[in-house]
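Let's go through this one by asking what stands behind each label. The questions come as they might at the bench.

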Amino acid sequence: MTAAGARAPRPKPGAAPRTELRQFVTPEGVDLRLRIGSAGERAAAFLLDALFIVLALVALTLLTVFAFNAIGALGAADVKNGLGEAMGIVWLLGAFALRNGYFVLFELSPRAATPGKRIMALRVAARDGGRLTAEAVFARNAMREIEVFLPLTFLLASGLGATDPIGGWLVLLGLIWTGGFALFPLFNRDRLRVGHFVAGTWVVKAPRERLSIDLLDAQGALAADHYAFAPEQVGAYGIKELHVLEDVLRRKDRKTMAAVADRIRAKIGWRPREDETDAAFLAAYYGALRARLETQLLFGRRRKDKFDLG
Amino acid sequence: MKDLQLKSQRFRAEREWDWRRLESLLGRVERRSAASLSDEELLAIPVLYRSTLSSLSVARATSLDHSLIDYLESLSTRAYFFVYGARANVRQRLGRFFTETWPAAAKDLWRETLASFLITAVAALVGYLLVAGDSGWFAGLVPGGLVEGRDPTATTAYLKSVLYDGGGKQSGLAVMAAFLFSHNAQIAIFCFALGFAFCLPTVFLLLENGLTLGAFFALYASRGLAFQLGGWLFIHGVTELFAIILGGAAGFRIGWRVAFPGDRSRLDAAAEAGRSAAPVIAGVVLMLIVAGLLEGFARQLITDDIARYAIAGSTLIIWLGYFYLPRRRTSPR
């Protein structure tokens with residue numbers, strides 16, 4: 001397996017903008033350019049999961065209490081005692097399984113994501129590009145004990161009020177100490193929490209893009225006949241501007257299209273014909289610009305933007 | 001068919017069908033499981049994945065259609081995770097866990113296990129000596145929740161009754177066992193997680209455990225009941241203490257590697273340590289289930305001291321043999 005994903009060269013501070021893109025080279029040698037999940041998205045995913053766990057716990061409690069009452073009403077006191085024990089065991093083991101098993105089981109599934117992460121379009125992956133092993137999933141989730149439950153314990157302890165001053169200070173110290181674990185993700189570039197650190201994993205975005213139509217198929221072919229751009233007119237822009245134009249065309253917002261069309265007309269000195277719509281003009285210009293830039297690409301020249309005059 | 005002007009358009013038209021096929025197969029795998037595909041479809045995925053990956057390379061080099069490249073990146077990523085993800089079936093993996101992964105991981109931790117055992121043993125000895133010297137130490141060493149009337153002021157008869165008929169309260173024992181199991185398992189996972197803070201909290205947890213043990217022994221020894229306490233405790237305690245010691249060992253492994261990563265980066269060392277110690281913790285939870293069963297049932301049913309010691313001894317031999325006896329490698333890897 002390749003290890004390139006793990007040790008992407010760290011940009012010098014201030015040299016490159018902080019970006020979510022990370023190099024991730026597959027064994028076939030292609031860089032997949034993964035995006036790591038932002039702290040906010042992951043916090044949201046975790047809160048959703050916590051909500052699901054609490055709901056399941058409440059449901060489990062209600063279910064055991066209900067079953068206890070329902071069956072207990074039938075039998076004698078002896079039976080009722082035995083039932084109470086059984087229900088207690090079911091509840092204790094169920095709660096244990098929920099607290100420790102929820103994350104592990106969902107992350108071992110093919111999608112490698114808990115329901116909360118699925119909703120936020122995230123998934124867990126091994127940082128070295130290898131497979132996500134059960135060991136790693138187990139290790140990363142065992143660490144939640146000190147990241148979530150330990151700070152919570154101290155928080156509750158302070159809430160319940162340690163009345164004597166020394167106890168209060170101890171709780172405060174504990175809170176600071178464990179807060180360090182909880183806030184660990186804020187202190188590193190990849191937003192790794194302690195669990196990721198120990199398991200060699202990270203959380204990446206796993207969006208499901210749909211294949212949209214090629215803009216050239218939609219409008220380019222029929223429009224091209226009416227528009228003949230001179231070489232210097234097509235040569236006014238580079239790839240960056242082409243992508244902006246693509247976004248504008250895909251979004252189909254009339255005001256933006258009008259504004260962009262006017263800018264381009266002014267820049268290239270285009271005289272609009274009478275029946276010309278902004279959309280048709282932009283589509284035609286997009287087709288011409290892309291054709292020119294892609295031809296240049298085939299000859300090995302990648303024109304970054306309009307300032308890149310090579 | 002419209003005539004396609006650009007190379008990138010023709011490129012897309014030629015390959016689009018493959019991409020869509022891969023997308024629909026992946027959609028089915030992710031919704032249900034790999035079992036929902038026929039063999040033929042399953043074998044098609046890696047081929048389609050590689051062709052999509054090469055499409056991505058070509059598209060990056062020749063196409064300026066931004067949304068197309070985004071689509072190919074997302075599709076390749078999804079396919080990558082499927083092709084290189086873990087797909088051994090659950091039964092095989094469970095089997096390997098018991099025959100190989102768990103004992104090998106535990107064996108690999110032998111140094112840490114020894115350290116963790118010594119800490120517990122020394123703490124137990126200290127606890128014993130302290131309480132034997134001055135029974136006033138007992139209250140300081142044993143957490144209040146564990147006492148249940150078993151303190152230096154209790155009568156010998158009461159102390160003895162706890163050993164043989166659960167202090168007269170038979171009901172609720174199974175619940176107690178379930179509670180103790182989940183409590184102990186949580187402590188063991190905690191031991192592992194706390195190792196990250198450079199081992200120290202793990203040491204404290206082990207010390208506390210050992211001190212409590214020693215203090216109880218001193219209390220019972222002062223009434224001449226040490227031998228009987230041993231039987232009562234070790235019938236499940238061998239398994240339970242072993243599990244907690246292993247949990248501590250797993251914590252030490254992580255803490256030590258994070259503190260002293262050697263010639264690797266701290267990040268890599270921590271990841272390696274975490275992965276190598278994780279199976280031990282999974283195993284520890286299983287050991288604690290065994291301990292809970294022994295505590296909940298065997299201890300209540302068997303009240304003969306010698307039989308209790310016999311069970312304790314055989315569990316010790318079984319665990320030691322399972323973890324540390326040299327064994328042939330069962331699989332090539």
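Q: What makes helix 1 and helix 3 of chain B oblique to each other?
A: This is a predicted model, and in it helix 1 (residues 7-31) of chain B and helix 3 (residues 66-84) of chain B pack at an angle of about 45°, their axes being 10 Å apart. Angles under 35 degrees would be roughly parallel and 65 to 115 roughly perpendicular. An angle of about 45° fits neither range, so the pair is called oblique. The crossing of these two helices is left-handed.

Q: Which residues make that contact between helix 1 and helix 3 of chain B?
A: Helix 1 of chain B brings Arg12(B), Trp19(B), Leu22(B), Glu23(B), Leu26(B) and Val29(B), while helix 3 of chain B brings Leu68(B), Leu75(B), Arg78(B), Ala79(B) and Phe82(B). Sorted by class, that is eight nonpolar, no polar and three charged residues.

Q: Why are helix 4 and helix 13 of chain B called roughly perpendicular?
A: Helix 4 (residues 90-108) of chain B and helix 13 (residues 305-324) of chain B cross at roughly 90°, and their axes come within 7 Å. The perpendicular range is 65 to 115 degrees, so helix 4 and helix 13 of chain B count as roughly perpendicular to each other. On the helix 4 side the contact uses Pro103(B), Ala106(B) and Lys107(B), and on the helix 13 side Tyr322(B), Phe323(B) and Tyr324(B). In terms of class, this contact has five nonpolar, no polar and one charged residues.

Q: And what makes helix 5 of chain B oblique to helix 11 of chain B?
A: The axes of helix 5 (residues 110-133) of chain B and helix 11 (residues 226-259) of chain B cross at roughly 120° and come within 8 Å. Since perpendicular stops at 115 degrees and antiparallel needs over 145, helix 5 of chain B ends up oblique to helix 11 of chain B. Their crossing is right-handed. Helix 5 of chain B puts in Glu112(B), Thr113(B), Ala115(B), Ser116(B), Phe117(B) and Thr120(B), which meet Leu241(B), Ile245(B), Leu246(B), Gly248(B), Ala249(B), Phe252(B) and Arg253(B) of helix 11 of chain B. That contact divides into seven nonpolar, four polar and two charged residues.

Q: How do you know that chain B is more spread out than a compact globule?
A: Start with what it is built from: chain B has 13 helices and zero strands. Its radius of gyration is 29 Å, and the globule rule gives 20 Å for 333 residues, so chain B is more spread out than a compact globule. Along its principal axes, the C-alpha trace of chain B spans about 100 × 40 × 40 Å. Of the 333 residues in chain B, 43% are buried.

Q: What is chain A built from, and how much of it is buried?
A: Chain A has twelve helices and four strands. Of its 310 residues, 30% count as buried.

Q: Why does Ala67(A) count as partly exposed?
A: Ala67(A), in helix 1 (residues 39-72) of chain A, has 14 other C-beta atoms within 10 Å. Exposed means 12 or fewer and buried means 20 or more, so with its 14, Ala67(A) is partly exposed.

Q: Ala121(A) and Lys252(A) have a positive phi; buried or exposed, where does each one fall?
A: Ala121(A) has a phi of about 55° although it is not a glycine, and it lies in the loop between helix 3 (115-119) and strand 3 (122-126) of chain A. With 16 C-beta neighbours inside 10 Å, Ala121(A) counts as partly exposed. Lys252(A), also not a glycine, has a phi of about 60° and is found in the loop between helix 10 and helix 11 (254-268) of chain A. Lys252(A) has 9 C-beta neighbours inside 10 Å, so it counts as exposed.

Q: How many residues of each chain are in contact with the other chain, and which helix of chain A gives the most?
A: 56 residues of chain A are in contact with 60 residues of chain B. Helix 2 of chain A gives the most to the side of chain A that touches chain B, with eight residues. By class, that side of chain A has 33 nonpolar, eight polar and 15 charged residues.

Conventions: Residues numbered from 1 in each chain as written. Chains lettered and ligands numbered in written order. Predicted model: local features only at pLDDT ≥ 70, side-chain atom pairs only at ≥ 80, totals over all residues. Rg over C-alpha atoms; globule rule 2.2 N^0.38 Å. Contact = placed C-beta atoms within 7 Å. Nonpolar A, V, L, I, M, F, W, Y, C, P; charged D, E, K, R; others polar. Axes fitted to C-alpha atoms, helices over the stretch in contact; angles between N-to-C directions. Left-handed = near helix turned anticlockwise from the far one by under 90°.
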